[in-house]
Amino acid sequence: MTVRSIINAKGQDVLTIMPDAPLREAARLLAENRIGAIVVVDGSRRVVGILSERDVVRVVGLDGPERLEDTVDTVMTHKVVTCDGSETVHQVMEKMTAGRFRHIPVVTAGRLVGIISIGDVVKHRVAEMERESHAMREYIMST
Ligand code: AMP
């Protein structure tokens, strides 16, 4: 199963924010949309960072709520690991495990076309395993 099939099923909607926006705005978007990460893009919609709820909790927990007035680019992760639509769910799982993060923006020909979370990966992997076990049961019953 490919990343493209997940994006086709869930849609291309990706919540984005500009690097000079205040952290308070990013936290509000994360809370209102009930999501765990937001992709940071520049004026040409190029991916320049990613900010997850963990980043917000880290700085507010360590430095206090005044950090919410700082800009997103002072807190975000700058070196973003992305994936392409042609990659498999297995490859994405490996990237998440190696990088210890739960979100991967999907970029095709330099354009942001979606985001995959660990929840999407687990959901599709479970569905795949159910299909495999169903096929196995059918095979055993027919022999
Ligand atoms: P998460 O597990 O996605 O909440 O993120 C944990 C940490 O990894 C945070 O510091 C994020 O900014 C960072 N992070 C999340 N996704 C990525 C990614 N695709 N590439 C690089 N860093 C990431």
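User: In strand 3, which residue is the bridge partner of Val39?

Analyst: Keep in mind that this is a predicted model. Val39 has Ile50 as its bridge partner in strand 3. Reading a sheet is mostly a matter of finding such partners, then asking which strands they join. Here, five bridges join strand 2 to strand 3.

User: How do strand 2 and strand 3 run, parallel or antiparallel?

Analyst: Strand 2 and strand 3 run antiparallel. They form a hairpin with five residues between the strands. Have a look at Arg45 in that hairpin, as it takes a positive phi near 60 degrees.

User: What about strand 1 and strand 2, how many bridges join them?

Analyst: Two bridges do the job there, and strand 1 and strand 2 (residues 37-41) run parallel. One pair to look up is Ile17, which stands opposite Val40 in strand 2.

User: So what is the order of the strands in the sheet?

Analyst: The order is 1-2-3, in an open sheet of three strands with mixed pairing. To spot the edges, look for strands that pair on one side only: here they are strand 1 (16-17) and strand 3. As for side chains, in a regular strand they alternate between the two faces of the sheet.

User: Let's move on to the ligand. Where does the ligand sit?

Analyst: You'll find the ligand in the largest pocket. Three elements give two or more residues to the shell around the ligand: strand 3 (47-52), helix 3 (53-63) and strand 4 (103-108). Strand 4 gives the most, with three residues.

User: How many residues surround the ligand, and which are the closest?

Analyst: There are 13 residues around the ligand, and the closest are Ser52, Asp55, Thr77, Arg102 and His103. Sorted by character, the shell has six nonpolar, three polar and four charged residues.

User: Which atoms of Ser52, Val81 and Arg102 should I look at beside the ligand?

Analyst: For polar contacts, look for N or O atoms of the protein and the ligand within 3.5 Å of each other. In Ser52, a polar side-chain atom lies 2.8 Å from a ligand oxygen. Arg102 also uses its side chain, with an N or O atom 2.7 Å from an oxygen atom of the ligand. For Val81, turn to the backbone: one of its N or O atoms there is 2.9 Å from a nitrogen atom of the ligand.

User: And how much of the ligand's accessible area does the protein cover?

Analyst: Start from the ligand on its own, which has 480 Å² of accessible area. The protein covers 90% of that.

Note on methods:
Residues are numbered from 1 along each chain as its sequence is written. This is a predicted model: local features need pLDDT of at least 70, side-chain atom pairs count only at pLDDT 80 or more; totals for chains, interfaces and linings use all residues. Side-chain values use heavy atoms; hydrogens and water are left out. A residue is near a molecule or strand if one of its heavy atoms lies within 4 Å of it. A polar contact is a pair of N or O atoms within 3.5 Å; within protein, one must be able to donate a hydrogen and the other to accept it, and residues adjacent in sequence count only if both atoms are side-chain atoms. Accessible areas come from the Shrake-Rupley method with a 1.4 Å probe; for residues, only the protein chains shown count as cover. On a 1 Å grid over the protein atoms alone, a cavity is a set of points where a 1.4 Å probe fits but cannot get out, and a pocket is an open set with protein on both sides within 12 Å along at least five of seven lines; lining residues have an atom within 4 Å of a point. A molecule sits in a cavity or pocket if more than half of its atoms lie within 2 Å of its grid points. Helices (H or I, at least four residues) and strands (E, at least two) are DSSP runs, numbered from the N terminus. Ala, Val, Leu, Ile, Met, Phe, Trp, Tyr, Cys and Pro count as nonpolar, Asp, Glu, Lys and Arg as charged, and the others, Gly among them, as polar. Two strands pair if DSSP finds at least two bridges between them.
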